[in-house]
Amino acid sequence: MVLRYFGLSIFVLMAASACASPMVDHATASSSPGATPAAPLAVQDAEVRSPSGDLVVSVVSNGGQPQYSVTYKGDALVGASSLGLRFATGASLDARLQIVSVEQSSTDETWELPWGERRLVRDRHNQLTVKFQANDNPIGYTLRVRVFDEGLGFRYEVPDTGERIVVDEITEFTVDGDATAWWTPAGAFNRLEY
């Protein structure tokens, strides 16, 4: 079901307070038996904040193109960046899509590692779950975003409709040309992670 995980880390140490967000479902359906289901009500945008409130991820459908952006204390870290996947066969998931439902939740728990640099790990984040769907196609995808005080990650969740081959990934990271980035080299010179 999950095709790929993406992560973006912003190294910040801050004191924070937890914030809880209500669940909101903006999808609509017809209530008459045998009637044609109504088109989903499009949600304009969605937003989730880190527990401290400093890191903000916004998700929108810009003319049918799913996009996200990230700010930290009001300053842009990642500008409007496209989201989506293209497949060899079947509908691609990068255009003509609207947000049809949004859910938010919070987690604050601690778990124990059997080995590693520290014994206890605190998992404290706010989560945004955004469902994208085309009006003419019931198949879409869910974007799940987790925002921590130290960074964020997101993943695509695609319904199981049989085997599909990803031929292009539309995911972008639009950062300022003067920004500094750190990453771990992944294998060899010909890896896309470089």
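A residue counts as buried here when its relative accessible area is under 20%. Keep that cut-off in mind while looking around this predicted model.

**An aromatic pair and its neighbours**

Start with Tyr68 and Phe154, both of which are buried. The model has six aromatic pairs. In this one, the ring centres of Tyr68 and Phe154 are 5.1 Å apart and the planes sit at 55°, so the pair is tilted. Tyr68 belongs to strand β4 and Phe154 to strand β10, so the contact ties together parts that are 86 residues apart in sequence. Tyr68 and Phe154 also belong to one aromatic cluster, along with Phe132, Tyr141, Tyr156 and Phe173. Elsewhere, Phe87 has a charged visitor: Arg164 lies over the face of its ring, at 4.5 Å from the ring centre.

**The sheet around β4**

Strand β4 is part of an open sheet of four strands, ordered β2-β3-β4-β5 and paired in the antiparallel sense. Strands β2 and β5 are at the edges with a single partner strand each, so one side of each has no neighbour in the sheet. On average, neighbouring strands in this sheet are turned by 15° against each other, ignoring direction.

Two of the pairings can be set side by side:

| Strands | Residues | Bridges | Facing residues |
|---|---|---|---|
| β2 and β3 | 45–49 and 55–62 | five, antiparallel | Arg49 opposite Val56 |
| β4 and β5 | 65–72 and 75–82 | five, antiparallel | Gln67 opposite Ser82 |

Strands β2 and β3 make a hairpin, with five residues between them. In that turn, Gly53 has a positive phi of about 90°. Strand β2 itself is two-faced: Ala46 and Val48 are on the covered face, while Asp45, Glu47 and Arg49 are on the uncovered one.

**A buried aspartate in a loop**

Which residue sits in the loop between β9 and β10? Asp149 does, with β9 spanning 137–147 and β10 spanning 151–157. Is Asp149 buried or exposed? Its relative accessibility is 10%, so Asp149 counts as buried, given that the cut-off is under 20%.

What does the side chain of Asp149 contact? One polar contact, at 3.4 Å, goes to the side chain of Ser50. Another, also at 3.4 Å, goes to the side chain of Arg124.

Note on methods: Residues are numbered from 1 along each chain as its sequence is written. This is a predicted model: local features need pLDDT of at least 70, side-chain atom pairs count only at pLDDT 80 or more; totals for chains, interfaces and linings use all residues. Side-chain values use heavy atoms; hydrogens and water are left out. Buried means under 20% relative accessible area, exposed over 50%, partly exposed in between (1.4 Å probe, protein chains only). Two strands pair if DSSP finds at least two bridges between them. Axes are lines fitted to C-alpha atoms, for helices over the stretch in contact, and angles run from 0 to 180 degrees between N-to-C directions. A polar contact is a pair of N or O atoms within 3.5 Å; within protein, one must be able to donate a hydrogen and the other to accept it, and residues adjacent in sequence count only if both atoms are side-chain atoms. Rings of Phe, Tyr and Trp (its six-membered ring) pair if their centres lie within 6.5 Å; planes under 30 degrees apart count as stacked, over 60 as edge-to-face and the rest as tilted. A charge sits over a ring if NZ of Lys or CZ of Arg is within 6 Å of the ring centre and within 35 degrees of the ring normal.
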